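Grab a pencil and have a go at these short exercises. Try each one yourself before you read the solution.

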Amino acid sequence: MGKSIVIHIRDMCCSRCIEAVIQELKFLGLKIHNVKLGEAVIEESKKVSTTDIEKSLNKRGFQLAMNKKEQLIELIKTSIWELIQHIPNDEIAIYNISELL
């Protein structure tokens, strides 16, 4: 078994995004360990480059978060999104997102 690597992905917001990322990574022939909002854990490949992954994901409207700042921003966005998803619609107005941060 090869080395697992984490790729950080920008602009994912729902389960359809997760499915789209899985489809693209499978199409590239990559072994996928896990995909969740904002990241995928895959097995390192000598045949598929980061550029190949980036081009494939770009076709679906996603981008790779290449530096720590982009990764942190994406983590914050994903955390807020996941939090909001668990708030009932009739209670969203009572929450102050800046307080949640």
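**Exercise 1.** Find the accessible surface of the chain, and the share of it that belongs to carbon and sulfur atoms.

*Solution.* Keep in mind that this is a predicted model. Start with the total: the accessible surface of the chain is about 7100 Å². Next, split it by atom type: carbon and sulfur atoms account for 54% of that surface. Now turn to the inside: of the 101 residues in the chain, 30% are buried.

**Exercise 2.** Work out how many helices and strands the chain has, and in which pattern they follow each other.

*Solution.* Count first: you should get 4 helices and 4 strands. Then read along the sequence and note each element as you meet it, which gives β-α-β-β-α-β-α-α. Finally, look at contacts between residues at least 6 apart in sequence: 62% of them join residues at least 24 apart.

**Exercise 3.** Decide whether Cys 14 is bonded or not bonded to the closest cysteine sulfur, and say why.

*Solution.* Step one is the rule: a disulfide needs two cysteine sulfur atoms within 2.5 Å. Step two is the distance: the closest cysteine sulfur to that of Cys 14 sits in Cys 17, 3.7 Å away, so it's too far for a bond. Step three is the wider check: a search of the whole structure turns up 0 disulfides. Cys 13 fits in here too, as it is in no disulfide and its nearest cysteine sulfur, that of Cys 17, is 4.0 Å away.

**Exercise 4.** Are Cys 13 and Cys 14 buried, partly exposed or exposed?

*Solution.* The partly exposed class runs between under 20% (buried) and over 50% (exposed) relative accessible area. Cys 13 has 34% relative accessibility, so it counts as partly exposed. Cys 14 has 22%, so Cys 14 is partly exposed as well.

How values were computed
Residues numbered from 1 in each chain as written. Predicted model: local features only at pLDDT ≥ 70, side-chain atom pairs only at ≥ 80, totals over all residues. Heavy atoms only, no water. Buried < 20%, exposed > 50% of the residue type's maximum accessible area, 1.4 Å probe, protein only. Helix = DSSP H or I, 4+ residues; strand = E, 2+ residues; numbered from the N terminus. Contact = heavy atoms within 4.5 Å. Areas by Shrake-Rupley, 256 points an atom, 1.4 Å probe, with all protein chains shown as cover.
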